[in-house]
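These are my notebook entries from a session spent looking through one structure. I set down each thing I looked up, in the order that seemed easiest to follow.

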There are 2 protein chains.
Amino acid sequence: MQISTKFTIAVHIITCIDYFKDTLPVTSSFLAGSVGVNPVIIRGVMSKLKEAGIIAISQGKSGITLARPLTEITFYDVYKVTDCVNETGLFHMHENPNPDCPVGRNIQMAMEGKLQDIQAVMEQKMKEISIADVAVDIREKINQTG
Amino acid sequence: MQISTKFTIAVHIITCIDYFKDTLPVTSSFLAGSVGVNPVIIRGVMSKLKEAGIIAISQGKSGITLARPLTEITFYDVYKVTDCVNETGLFHMHENPNPDCPVGRNIQMAMEGKLQDIQAVMEQKMKEISIADVAVDIREKINQTG
DNA sequence: CTTGCTTGTAATTTATCATATTACAGGTAG
DNA sequence: CTACCTGTAATATGATAAATTACAAGCAAG
């Protein structure tokens, strides 16, 4: 299993909006071309980014803009928005342990908190990384290689 | 997406082997009954736990035993063994960013290290939790509720 | 206000992967 | 020797991700 590509697609989208904001009108078709996926996927992700107040969308010929600075958009924000992880958690627990077995009856309760702790450290780390960090790396690379 | 149930199944298996070691011969069918999945799934997980030197299996009527103490079996050991995460990492990056776009050309390189860092903190946390911690919680719960 | 381009979204298809299931070969303890 | 176990391949089923088609609805420029 892996966390859905929607997460990295969303990061790509936000980075593009920032990168091209003074040059081109950024649309879902344009983004689909850069990301390499179907425009409908882009629109679905965009729609959630809009709900979360990360980007602003206007229909017609306008284009998409950022609703707040890149430094204030963390990986965690994007990860939450894109529903990469089920509400039942990062880990999928086996669902039918035997209630007639003392271990089966208690395994879920015994593991639950521990799995949540693991997920929590991962999410904490995601809060410490922003899209601005990605944008910086990309501009740096472009300046080096053209 | 979620991390495969094989992980929690493996934890359940190890906990059961320890819990019943002085009472019953533990077999794949018995474990399948406690875990609530098909015996073939149990055998597949067992096979990997054996390769990793976590349990010892003998065919015939014997049963399965632990190869080392519960305190020396971490969540990370079990997670690695059960191939819960692809060799390409916890995150699935979109695979066809456009090389003709400056952002598309560099996005993978810009994200790679950051995604690895996130995965690393999660794995570090898993190294700090052992199956013994689960066994303690289960015995405690059994003593309270019968 | 009309026109052309855009987003929003439902419905369908395709591909991939996790799990269940059946079947049987091979090994070992009693 | 034999009964019971593991090892594993092959197949079926189901869930989910992503692609694709299609179309309704909205905005902006003129």
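The entries below go from the whole chain to single helices, then to the pairing of the chains and two single residues.

**Entry 1: the chain as a whole.** I began by noting that this is a predicted model, and I kept that in mind throughout. I looked up the make-up of chain A, which has six helices and two strands, and read the order from the N terminus as α-α-α-β-β-α-α-α. I then turned to overall dimensions: the C-alpha atoms of chain A fill a box of roughly 65 × 35 × 25 Å along the principal axes. The radius of gyration of chain A is 19 Å, whereas a compact globule of 146 residues would have one near 15 Å. I also noted that 41% of the 146 residues of chain A count as buried, and that 63% of the contacts in chain A between residues at least 6 apart in sequence join residues at least 24 apart.

**Entry 2: helix α1 of chain A.** I checked the length of α1(A) and found its end C-alpha atoms 22 Å apart, which agrees with the 22 Å that its 16 residues should span at 1.5 Å a residue. When I looked up burial, α1(A) proved mostly covered, with 14 of its 16 residues buried.

**Entry 3: helix α3 of chain A.** Which residues of α3(A) are buried? I found A:Ile42, A:Val45, A:Met46 and A:Leu49. They cover an arc of only 105° around the axis, which means that they sit on the same side of α3(A). As a reminder to myself, an α-helix has 3.6 residues a turn, so residues three or four places apart point the same way. On the other side of α3(A), I found A:Val40 and A:Glu51 exposed. I then asked what covers the buried residues of α3(A), and the list includes α1, α2, α4 and the strands β1 (55–58) and β2 (63–66), each of chain A. The helix itself covers residues 39–51 and reaches 18 Å from its first C-alpha to its last, close to the 18 Å expected for 13 residues. Following α3(A) comes A:Gly53, where I noted a positive phi, near 75°.

**Entry 4: how the two chains meet.** I next looked at the contacts between the chains and found that 51 residues of chain A touch 51 residues of chain B. The elements giving two or more residues to this side of chain A are α1, α2, α5 and α6 of chain A, and α5(A) gives the most, with 15 residues. By kind, the residues on the side of chain A that touches chain B divide into 29 nonpolar, 16 polar and six charged.

I then looked up how the copies are related: a turn of 180° with a shift of 0.0 Å along the axis lays chain A on chain B with an RMSD of 0.0 Å. That is the relation of a two-fold axis. The same surface serves both copies, since 100% of the contact residues of chain A recur in chain B. Which residue of chain A comes closest to the rotation axis? I found A:Met122, with its C-alpha at 2.6 Å.

**Entry 5: helix α6 of chain B.** The end C-alpha atoms of α6(B) are 21 Å apart, in agreement with the 21 Å that 15 residues should span at 1.5 Å a residue. In α6(B), I found B:Ile131, B:Val134, B:Ala135 and B:Ile138 buried. Seen down the helix axis, these fall within an arc of 100°, so they line one face of α6(B). On the other side of α6(B), B:Glu140, B:Asn143 and B:Gln144 are exposed. I noted that the buried residues of α6(B) pack against α5 of chain A together with α1 of chain B.

**Entry 6: two residues in α5.** I picked B:Met111, which lies in helix α5 of chain B, and asked whether it is buried or exposed. It counts as buried because it has 23 C-beta neighbours inside 10 Å, where 20 or more are needed. Apart from neighbours within four places in sequence, B:Met111 is in contact with A:Thr8, A:Val11, A:Val134 and B:Met93. B:Met111 and B:Met93 are 18 residues apart in sequence, with C-alpha atoms 9.0 Å apart.

For contrast I looked up A:Glu123, found in helix α5 of chain A, which counts as partly exposed because it has 18 C-beta neighbours inside 10 Å. A:Glu123 and A:Phe75 are 48 residues apart in sequence, yet 8.8 Å apart in space, C-alpha to C-alpha.

Key: Residues numbered from 1 in each chain as written. Chains lettered and ligands numbered in written order. Predicted model: local features only at pLDDT ≥ 70, side-chain atom pairs only at ≥ 80, totals over all residues. Helix = DSSP H or I, 4+ residues; strand = E, 2+ residues; numbered from the N terminus. Expected span 1.5 Å × (residues − 1). Buried ≥ 20, exposed ≤ 12 C-beta atoms within 10 Å, placed from the backbone. Arc of directions from axis to C-beta. Contact = placed C-beta atoms within 7 Å. Nonpolar A, V, L, I, M, F, W, Y, C, P; charged D, E, K, R; others polar. Least-squares fit on C-alpha atoms with pLDDT ≥ 70 in both. Rg over C-alpha atoms; globule rule 2.2 N^0.38 Å.
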